[in-house]
Amino acid sequence: MTLWRTRMKVKVLSEPLLEFGKGTHICPRSGIERLGVYDNKDEFRKNQLILGIVGRGEGIDKLDIWLEKCRSGIVPKESKLANLFKGFGGVTESHGFHSKLLSSPTYTRPIQKSSLNKVSKIKAREERVISAVDLYYDQIRFLTENRSVDVIVCVIPKDLFEYVTKLNSKDSEDNDQLDNYSEHNFRRLLKAKSMHLGIPLQLIIENTIDDVKIAKGQQDEATKAWNFCTALYYKGNRTVPWRLVEEKYKPRSCYVGVGFYKSRDGETISTSLAQVFDEFGHGVILRGTPVALDKNDRRPYMSKEQAYELLNNALSEYDKALMQMPARVVIHKSSQFRPCEIEGFNKALEEKAIRSRDYVSITSSDLRLFGENNYPPKRGTLLTVSENEGLLYTRGFVDFYKTYPGMYIPSPLQIIAYENDSSLEDLCEEILGLTKMNWNNTQLDGRLPITIECAKKVGEIMKYIDGNEKPQVSYSFYM
């Protein structure tokens, strides 16, 4: 960025409000606890979640204890930072989630120790991963075909997790094994293989729910419960526990996130598109086509035709879901826009008679700002470099928490607007709001907007789905 060529301006954007069942709040945890989940307003929502469970006997016992804690509530850890380390009020019908977590031996499928031992003895890591996935998949399939469940919780033994994530001495003798190390991921492969069964999965490692002293580096129990139960609620209900507050003056907007992922063989790079229907978080996933690499910087990009097809399909899905076209389209991309991509996007919008558009590149930056005292800059700090370019801190000191709740020095996002009808500040306010729309994390300071975060998560799993298989359209299958 050419910082020396322009007059810079620094401003701290306000923390976006979220809407819950009975009001608004900036924090997902406080909002759910005090005001109830947003979709509690819907008389047709589910007020109970039926859980299927897969794991070894000891793991199932640990999960039963953990679920009982989640139902009854967990006290906060001792800390002066009460808003950051908030106690978990439990999953009950009377407040908060306004729901019940139901589990039963009838909906539980144990995995035999002898089967797990066979997996651990397989020398090649790739074979270990595939065998472990098959072990869980068989029980998942039984539950989806023979029981009415909303979410399936897979409890993974710590030693099995290590077997399928670490190379052993035999693997290291084989260069192919080393090259493929990152391409045989147990979690991603299991989710991809089970996707066609139509029930979301929640994976949890046994030692993270052990009823013992919390290991160094792990979250406190209340924080674990907030994240675990919110993810279960979102996956099981297919609705949103909170949403961004609607701004009446804004035109109805469709947000689209575009990212890229490599095929498992490394031969092709495909686009992965995560479309969030609207600012309320209702969305759908679409898969793109293989794209080219720039000859100079080796970065992927779409041709005019690919960009047109991708956005045209996304808008068609939007129309099917909401029975109308948006008045405005915002495209978030994890790399800079090429002229050919802009041409393709513009063509799709012109055909749909959509006049308002904002194309926004969201990437990492090596530049840093210095905050007051020993803390980093506040979350929401925006350094405007030009009308179309700036640095945005989505992580940093949070007034509500009275601290910076991170372990490492935060880095800002580089925001570049192309063909933008909205101001850079307005676009950054939207990005800041969309960082709070990830129901896999209840801390209010997400780094990436859900558009880019979702595209990233989708790409991680999409590479394991065969090209002729239709992937699920809900984000709940990828998170």
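This is a short tour of a predicted model, with a suggestion at each stop of what to select and what is found there.

Before starting, note that residues are numbered from 1 along each chain as its sequence is written. Because the model is predicted, local features need pLDDT of at least 70 and side-chain atom pairs count only at pLDDT 80 or more, while totals for chains, interfaces and linings use all residues, and side-chain values use heavy atoms, with hydrogens and water left out.

**Confidence**

Colour the protein by pLDDT, which is the predictor's confidence in each residue, from 0 to 100; the mean is 88, and 91% of the residues reach 70 or more. Helices (H or I, at least four residues) and strands (E, at least two) are DSSP runs, numbered from the N terminus. Among these elements, strand β6 (residues 108-110) has the highest mean pLDDT, 98, and helix α7 (residues 175-179) the lowest, 31. Now select residues 169-182, where pLDDT stays under 50. Where pLDDT is low, the predicted coordinates should not be read in detail.

**A sheet of three strands**

Next, select strands β3, β2 and β9, which form an open antiparallel sheet in that order. The edge strands, β3 (23-25) and β9 (243-244), each pair on one side only, where pairing means that DSSP finds at least two bridges between two strands. Strand β2 (residues 18-20) is joined to β9 by 2 bridges, and Leu18 stands opposite Leu244 in β9.

**Leu102**

Move on to Leu102, which is placed in strand β5 (residues 100-102). Is Leu102 buried or exposed? Leu102 counts as partly exposed because its relative accessibility is 29%, given that buried means under 20% relative accessible area, exposed over 50% and partly exposed in between (1.4 Å probe, protein chains only). Show also Ile50, 52 residues apart from Leu102 along the chain, and see that their C-alpha atoms are separated by 4.8 Å. Leaving aside neighbours within four places in sequence, Leu102 is in contact (heavy atoms within 4.5 Å) with Gln48, Leu49, Ile50, Leu51 and Arg71.

**Gly57**

Then select Gly57, which lies in helix α2 (residues 57-72) and, at 36% relative accessibility, counts as partly exposed. The C-alpha atoms of Gly57 and Ile111 are separated by 7.2 Å, although these residues are 54 residues apart along the chain.
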